[in-house]
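Student: I should like to study this structure by way of questions. May we begin once the sequence and the model are in view?

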Amino acid sequence: MGSWSRTVLILFLTISAAVLSTPLINKLQPDKEWPQLVKQPSQDESAETISEKSKGGLAVELVNGQHLAETVKKTEPEDSENEDDVSADIISKCLIEAKDDFQKVDYTGAQLWKVSTEKNGWRVVLNRLRRRNLISTWGTNGTSIDILVQPNAIQNVTNALNREKIHFEIIIEDLQARINQENPPLDENEIELQDRRGHRMNWKQYHRLEDIYGFLDYLAKTYPAIVSVKSIGNSHEGREIKLLRISNGNPKNKAVFIDGGIHAREWISPATVTYYINQFAENFDVEDDDIKNIDWYFVPVLNPDGYEYTHLKDRLWRKNRKPGAGRCSGVDLNRNFGYRWGGKGTSNSPCDEIYRGPRAFSEPESKAIQDFFKSSASEFSAYLTYHSYGQYILYPWGYDNAVPPDHLDLNAVGKKMATAIKSTGDDNYSVGSSSNLLYPAAGGSDDWAKSIGIKYTYTIELNDRGFYGFVLPTQYIEPVAKESLAGLRVLAAAVHTA
Ligand code: 0X9
Ligand code: ZN
């Protein structure tokens with residue numbers, strides 16, 4: 001080919017590429033921009049895994065408008081979450097994410113609003129805003145829903161709500177300011193204390209995975225007669241999924257399984273589960289017989305990659321860290337379990353917060369749980385999975401508005417748990433089936449546990465009480481964990497009488 005024809009060909013290709021990519025770029029409306037990405041010093045750069053820096057690629061993943069998840073109530077028109085297309089908006093968003101490696105997501109100016117859902121149509125309006133990526137939805141109850149509004153969407157969302165006369169109030173003026181205050185570093189005295197204690201956990205702080213795992217290993221070493229730790233699998237990025245067992249070895253014991261941290265940003269969950277572990281292991285001799293005569297299995301951080309990611313990159317990340325092959329990453333582990341997988345309240349779009357993954361148990365983290373139950377000889381009477389927020393004790397089914405045959409037993413025990421919690425702390429937990437009380441959402445670990453025959457299966461949604469959302473300050477760790485432990489004791493008693 002002559003040099004003239006080559007020049008013409010190159011010119012033609014360049015113009016075609018520009019024309020073809022234009023619609024994608026134009027799709028980015030101003031109100032669909034992502035939160036500002038500002039380089040912030042990582043708390044501990046050295047702790048970042050190689051995969052965070054190079055393997056996964058999309059280290060800063062937004063987020064924007066995708067933050068919850070919380071799906072449509074069954075009375076409302078079907079959302080688009082089950083549709084099979086990944087829109088150009090989302091694709092272009094993912095492309096933008098890809099180049100912003102290494103940076104920490106900054107929520108300066110982002111706000112949390114509590115919006116009334118008293119009238120049926122109001123949720124429909126909110127779902128519309130969410131689908132347009134103007135808001136993301138967080139916790140909900142019967143009368144309101146919390147929404148995260150990015151700074152550049154505040155005006156549009158205000159106008160939309162005012163137009164429909166929907167009531168709302170601002171709960172958090174600046175989310176980044178709250179994030180900055182949430183988990184202050186330890187003072188010198190505490191650091192000295194840690195050294196003497198033999199582990200770093202203190203329930204006055206939210207800890208990194210290394211501290212949590214160090215604590216589990218410490219307990220196994222200190223109390224080998226009753227405590228053992230093993231790894232039940234590895235996450236996408238190769239982190240161990242550690243399981244701790246506490247047992248007096250009585251062959252008649254029933255078993256109880258407890259997990260935490262399925263959702264990365266719900267920090268109060270691993271904090272609470274480790275609090276229980278500490279309570280039982282450190283005081284085993286003087287514990288109630290109900291506690292001593294149960295084989296306890298704890299996985300405090302079922303999503304270790306996501307958990308670390310919330311410490312290092314994006315405080316509000318929910319999913320695991322399944323690499324997205326150049327597109328959005330992460331699977332919602334609580335949509336990936338294998339009972340009625342793929343049903344309501346799930347998405348097949350990798351960019352969604354409630355992405356269910358390509359198939360049931362596609363994720364190493366959920367698969368680890370399945371494998372563990374397959375190989376365990378223990379007889380499990382209860383499965384509790386800890387989340388936040390909203391103070392709920394939820395039992396199956398979650399996949400749709402139906403209840404298992406023994407739902408009255410589950411309801412009765414749940415109510416007793418709520419009463420015990422109320423009289424220990426002061427929180428009112430609501431009890432009911434999760435599809436009924438929250439929203440239908442298939443593929444949850446609770447439904448799967450129930451489906452394999454575990455009687456007392458609950459999702460516990462811990463605090464916030466309405467002021468902090470997922471960003472619950474550290475002074476709440478102890479009260480939340482302590483009152484919820486009262487509920488766990490009721491469960492232990494029920495296991496013995498079942
Ligand atoms: O949506 C969830 O996965 C849970 N709520 S959260 O705000 N922590 O994300 C509720 C799960 C309830 N169980 C099922 N739907 N199976
Ligand atoms: Zn959750």
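**A strand, a ligand and some unusual bonds**

Tutor: In this predicted model, strand β14 is covered on both faces: Y456, Y458, I460 and L462 are buried on one side, and T457, T459 and E461 are buried on the other.

Student: How many of the residues of β14 are buried?

Tutor: Strand β14 comprises residues 456-462 and is mostly covered. A residue counts as buried under 20% relative accessible area. In β14 the number that are buried is seven of seven.

Student: In which sense do β11 and β14 pair, parallel or antiparallel?

Tutor: Strand β11 consists of residues 380-388, and seven bridges connect it with β14. In one of these pairings, A382 has Y456 of β14 as its bridge partner. The sense of the pairing between β11 and β14 is parallel.

Student: Which residue of β14 stands opposite I393?

Tutor: Strand β12, residues 392-395, is joined to β14 by three bridges. These two strands run antiparallel. The residue of β14 opposite I393 is I460.

Student: How much of the accessible area of ligand 1 does the protein cover?

Tutor: The side chain of R318 has an N or O atom 2.7 Å from an oxygen atom of ligand 1, and that of D446 has one 2.8 Å from a nitrogen atom of ligand 1. The backbone also takes part, with an N or O atom of A441 at 3.0 Å from a nitrogen atom of the ligand. On its own, ligand 1 has 420 Å² of accessible area, and the share covered by the protein is 98%.

Student: How many charged residues are in the shell around ligand 1?

Tutor: The ligand is surrounded by 17 residues, of which the closest are R318, R335, Y439, D446 and E461. Both β11 and α15 (445-451) supply at least two residues of this shell. By kind, three residues of the shell are nonpolar and seven are polar, while the number of charged residues is seven.

Student: Why do the buried residues of α5 lie on the same side of the helix?

Tutor: Helix α5 spans residues 154-163, and V157, T158, A160 and L161 are buried there. They lie on the same side of α5 because the arc they cover around the axis is only 165°. The face turned away from this buried side carries two exposed residues, Q155 and R163. The value that places the buried residues together is therefore an arc of 165°.

Student: Which residue follows P396 across a cis peptide bond?

Tutor: Most peptide bonds are trans. One cis bond runs from S388 to Y389, with omega near 10°, and Y389 is placed in the loop between β11 and β12. Another cis bond has omega of about 5° and leads into the loop between β12 and α13 (407-424); the residue that P396 is joined to by this bond is W397.

Student: Is K165 buried or exposed?

Tutor: K165 lies in the loop between α5 and β6 (168-172), and its phi is near 60°, a positive value in a residue other than glycine. Exposed means over 50% relative accessible area. Because its relative accessibility is 65%, K165 counts as exposed.

Student: What is the relative accessible area of R340?

Tutor: R340 also has a positive phi, near 55°. Its place is in the loop between α11 (304-312) and α12 (364-375). R340 is partly exposed, and its relative accessible area is 47%.

Technical notes
Residues are numbered from 1 along each chain as its sequence is written. Chains are lettered from A and ligands numbered from 1 in the order in which they are written. This is a predicted model: local features need pLDDT of at least 70, side-chain atom pairs count only at pLDDT 80 or more; totals for chains, interfaces and linings use all residues. Side-chain values use heavy atoms; hydrogens and water are left out. Buried means under 20% relative accessible area, exposed over 50%, partly exposed in between (1.4 Å probe, protein chains only). Helices (H or I, at least four residues) and strands (E, at least two) are DSSP runs, numbered from the N terminus. Two strands pair if DSSP finds at least two bridges between them. A residue is near a molecule or strand if one of its heavy atoms lies within 4 Å of it. A polar contact is a pair of N or O atoms within 3.5 Å; within protein, one must be able to donate a hydrogen and the other to accept it, and residues adjacent in sequence count only if both atoms are side-chain atoms. Accessible areas come from the Shrake-Rupley method with a 1.4 Å probe; for residues, only the protein chains shown count as cover. Ala, Val, Leu, Ile, Met, Phe, Trp, Tyr, Cys and Pro count as nonpolar, Asp, Glu, Lys and Arg as charged, and the others, Gly among them, as polar. The arc is that of the directions from the helix axis to the C-beta atoms.
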